[in-house]
2 protein chains.
Amino acid sequence: MEELILKGKAAKLAASILATAGTDAKNTALYKIAEAFSANSEYIIAENQKDIAAARQNGISEGLIDRLTLNDVRISAMSEGIRQIAELPDPIGEVVGEFKRPNGLHIGETRVPLGVVGIIYEARPNVTADAAALCIKSGNACILRCGKEAHKSAMAIARIIRESLAAAGLPSDCVNLVENTSRDSALALMKLNDYLDVIIPRGGAGLIRSVVENATVPAIETGTGNCHVFIDESADLEMAKNIVINAKTSRPSVCNAEEKLLVHQNVAETFLPEILGALTEKSVEIIGDEAVCKIFPHATAATEEDWGTEYLDLKIGVKVVDDLEAAIVHINQYGSRHSEAIITESYKNSQRFLEAVDAAAVYVNASTRFTDGFEFGFGAEIGISTQKIHARGPMGLKALTTTKYIIRGNGQIR
Amino acid sequence: MEELILKGKAAKLAASILATAGTDAKNTALYKIAEAFSANSEYIIAENQKDIAAARQNGISEGLIDRLTLNDVRISAMSEGIRQIAELPDPIGEVVGEFKRPNGLHIGETRVPLGVVGIIYEARPNVTADAAALCIKSGNACILRCGKEAHKSAMAIARIIRESLAAAGLPSDCVNLVENTSRDSALALMKLNDYLDVIIPRGGAGLIRSVVENATVPAIETGTGNCHVFIDESADLEMAKNIVINAKTSRPSVCNAEEKLLVHQNVAETFLPEILGALTEKSVEIIGDEAVCKIFPHATAATEEDWGTEYLDLKIGVKVVDDLEAAIVHINQYGSRHSEAIITESYKNSQRFLEAVDAAAVYVNASTRFTDGFEFGFGAEIGISTQKIHARGPMGLKALTTTKYIIRGNGQIR
């Protein structure tokens with residue numbers, strides 16, 4: 001695709017300049033962008049209104065329109081987010097390791113940008129600002145590909161970013177937004193190996209699956225969270241109740257929300273009626289196995305498919321398990337390796353759960369909702385990796401870097 | 001493919017046991033394997049002879065047959081390599097980071113195995129032992145897929161490894177060799193997302209390209225090295241000559257060998273006749289740009305394609321460049337991001353080259369041949385990554401691990 005090759009070439013050239021531009025130049029650009037958003041909020045909102053009008057005409061749901069909408073408050077939040085990224089420490093240039101070999105070679109390993117990052121996202125125009133700022137701070141050029149529903153808004157945001165980069169003396173091609181919004185442009189971006197060093201999808205399960213299946217550029221899989229909370233027989237049941245209610249209901253549409261509740265058989269009869277009653281009061285639909293349905297007749301019978309499903313809704317799958325080991329086996333079979341929790345007062349069981357459960361984040365006595373770059377103190381987040389290579393769990397600025405070996409010699413040969 | 005699904009399930013189960021098996025159990029298994037190779041060398045050699053006979057019948061080149069051949073000396077070397085891996089520090093369990101959040105959550109980041117590693121290789125049966133041992137030490141189960149030319153030898157080696165694992169009390173399914181040697185089995189392994197956490201090709205450019213194009217499992221691209229040595233105008237020309245001869249001729253078939261020589265125009269007339277004469281004496285074919293052909297008429301004129309080609313042979317592409325910046329631009333355009341060197345006495349130029357060249361390993365005044373896990377002091381090597389995500393440059397045991405966040409709370413909710 002002609003457009004992508006041109007943008008790829010431009011981004012690669014810009015990346016080589018940005019990589020060695022230094023912290024001050026990058027921060028200056030970020031502050032200018034933040035300022036320009038506020039100064040141009042009317043323009044951004046006008047373009048956003050065109051997207052919203054088209055969305056209404058296409059019968060898009062109100063939930064999606066809410067995500068699509070930009071207003072003064074949200075634009076201020078975008079600016080504030082960018083200022084926060086400017087204030088984070090620059091990851092580039094960190095010396096990760098340094099050693100001298102017996103032959104006198106001095107080997108250093110230094111943190112450097114990835115190069116050119118591709119990011120594919122959907123109908124959230126603010127991701128344009130957020131992703132671009134994270135890339136600039138970490139010294140990467142980026143090619144952004146936004147869903148067509150948010151395209152006019154994203155174009156307006158990208159235009160302001162590019163003008164601000166130029167005003168700060170950096171190449172405007174550090175940030176590029178794909179203009180073609182056909183499905184073909186997303187597929188072509190996933191295969192743009194000559195120009196992209198990595199591709200990151202930010203969106204729903206369908207987008208992530210498409211990237212995993214189609215990308216030839218190295219990809220980082222993000223986001224799916226079929227998260228479990230296991231209530232051990234030794235659990236503090238009051239704590240268990242608070243955590244389950246929080247993990248399930250505080251924000252059911254996000255990937256770190258609880259999707260499944262596993263209860264040790266020895267506390268099922270005490271705990272289930274209370275917690276399921278409390279969840280029902282909060283409008284949570286209960287899907288249970290046979291034992292659960294017996295104890296709590298309002299529950300719907302679970303199918304095999306339920307155990308592997310991320311509902312992202314006020315809905316929870318509940319199962320009674322024989323013991324800790326059964327819980328671990330179930331989680332490792334059906335979980336999506338995102339966030340898993342045990343509620344227990346047993347030291348031994350907490351250790352066993354932490355060791356045996358295979359997930360990016362494993363919790364003892366806390367809500368799964370904490371799996372988040374900000375909650376972890378990273379100050380920013382480009383996504384949550386559910387794969388094992390490169391980065392696992394919440395990805396901050398460091399996940400947008402690689403390293404380079406720097407070897408100084410004085411004539412060594414082998 | 002039925003066989004792969006069965007092996008995938010078996011490997012995944014074995015991986016969950018191996019992940020928490022502990023250093024002693026893993027080392028015991030490795031020492032048993034090393035011992036069993038020596039004890040069963042006759043069996044291995046007999047199976048290897050069948051592969052060699054078939055190879056001869058199929059008119060396979062002597063070079064390939066040499067790589068395929070196992071004898072007592074090579075089997076001893078395999079055993080010794082495995083003992084060395086046993087003696088390396090266990091990467092698993094290392095606490096990479098640990099911090100406490102204001103809400104009291106204690107977050108630790110711990111090094112854990114990747115899980116199940118797929119490795120696709122060609123006609124080198126010893127890779128079976130080497131790759132399996134690296135996976136065992138790093139707590140990973142593996143599924144190995146060897147080229148059909150070495151399949152009987154690999155089967156014999158894998159059988160001994162599996163028996164030794166069982167004798168050491170570990171699941172024999174920690175190491176699995178694919179029996180189907182059709183092209184389909186390689187493709188199916190690249191798409192075995194339900195069971196594999198990563199796939200690593202070890203072989204030639206064709207294999208690597210096939211993995212990049214076809215794999216849906218996260219892959220680590222290894223190996224291609226179109227490496228440059230740039231002779232700056234300030235270079236110590238005696239040092240430059242030694243390094244170029246070493247980098248080009250000490251082992252031309254490997255990925256860290258020099259493929260291209262760039263010479264600053266101000267030293268071209270002095271340096272080129274001498275170095276090109278010396279290379280010619282060592283039977284190196286010279287492919288030169290116009291300026292080179294003028295100075296050294298024995299050179300063949302280079303085509304555009306030459307600059308991007310990894311010869312892996314006694315052949316070198318030579319070009320005169322205007323200055324340091326022209327050398328950097330050329331390297332970043334045509335290099336494969338493996339290993340690049342500058343020979344210079346200028347501090348400023350060394351710094352600029354180290355910073356601006358985009359490669360896994362960048363050298364000042366040393367041969368590119370040092371890009372190697374053993375030369376870097378890692379004690380082992382699973383390959384050399386030329387991609388930027390997960391691992392870059394020589395990959396030791398750490399490249400076969402990921403991390404897991406372990407979060408301890410006392411009832412925190414969000």
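**Exercise 1. Place H338(B) in its surroundings.**

H338(B) is buried, its relative accessible area being 0%, where buried means under 20% relative accessible area, exposed over 50% and partly exposed in between (1.4 Å probe, protein chains only). The model is a predicted one, in which local features need pLDDT of at least 70 and side-chain atom pairs count only at pLDDT 80 or more, while totals for chains, interfaces and linings use all residues. Residues are numbered from 1 along each chain as its sequence is written, chains are lettered from A and ligands numbered from 1 in the order in which they are written, and side-chain values use heavy atoms, with hydrogens and water left out.

Task: state in which loop H338(B) lies, and which residues it is in contact with.

Step 1. The residue belongs to the loop of chain B between α14 (324-334) and β12 (339-343); helices (H or I, at least four residues) and strands (E, at least two) are DSSP runs, numbered from the N terminus.

Step 2. Contact means heavy atoms within 4.5 Å. With neighbours within four places in sequence left aside, the contacts of H338(B) include G223(B), T224(B), G225(B), C227(B), C255(B) and N256(B), and also A359(B), A360(B), A361(B), T371(B), I384(B) and T386(B).

**Exercise 2. Relate the two chains.**

Task: find what rotation superposes chain B on chain A, and which residue of chain B comes closest to the axis.

Step 1. Copies are superposed by least squares on the C-alpha atoms of residues with pLDDT of at least 70 in both. Chain B falls on chain A after a rotation of 180° with 0.0 Å of shift along the axis, at an RMSD of 0.0 Å. The two copies are thus related as by a two-fold rotation axis.

Step 2. Among the residues of chain B, H390(B) comes closest to this axis, its C-alpha lying at 1.7 Å. Both copies use the same surface, since 100% of the contact residues of chain B recur in chain A.

**Exercise 3. Describe the interface.**

Task: give the extent of the interface between chain B and chain A, and the salt bridges across it.

Step 1. In the interface, 69 residues of chain B are in contact with 69 residues of chain A. The chains bury about 5500 Å² between them, 55% of it on carbon and sulfur atoms, buried area being the accessible area (1.4 Å probe) that two parts lose on being put together, summed over both. I389(B), Y405(B) and R414(B) supply 15% of the area that chain B buries against chain A, more than any other three residues.

Step 2. A salt bridge is a side-chain nitrogen of Lys or Arg within 4 Å of a carboxyl oxygen of Asp or Glu, and 4 of them cross the interface. R414(B) takes part in one, with E375(A), the closest N and O atoms being 3.3 Å apart.

Step 3. Another salt bridge is formed by K388(A) and D197(B), with 3.4 Å between the closest N and O atoms. K388(A) lies in the loop between β14 (383-385) and β15 (393-395) of chain A and D197(B) in the loop between α8 (183-190) and β6 (198-202) of chain B, so the pair joins two chains. Both K388(A) and D197(B) are buried.

**Exercise 4. Follow a salt-bridge network.**

Task: identify which residues are linked with R392(B) in a network of salt bridges, and describe its pairing with D358(B).

Step 1. The network links D197(A), R337(B), D358(B), K388(B) and R392(B).

Step 2. Within chain B, the side chains of R392(B) and D358(B) meet at 2.9 Å, N to O. R392(B) lies in the loop between β14 (383-385) and β15 (393-395) and D358(B) in the loop between α15 (347-356) and β13 (361-366), so the pair ties together parts that are 34 residues apart in sequence.

Step 3. R392(B) is buried at 5% relative accessibility, whereas D358(B), at 24%, is partly exposed.

**Exercise 5. Account for the disulfide count.**

Task: determine how many disulfides the chains hold, and why C146(A) and C135(B) form none.

Step 1. A disulfide is a pair of cysteine sulfur atoms within 2.5 Å, and the count over all chains is 0.

Step 2. The cysteine sulfur closest to that of C146(A) belongs to C142(A) and is 13 Å away, too far for a bond. For C135(B) the closest is in C142(B), at 4.3 Å, which is also too far for a bond.

Step 3. C146(A) is buried at a relative accessible area of 1%, and C135(B) is buried at 0%.
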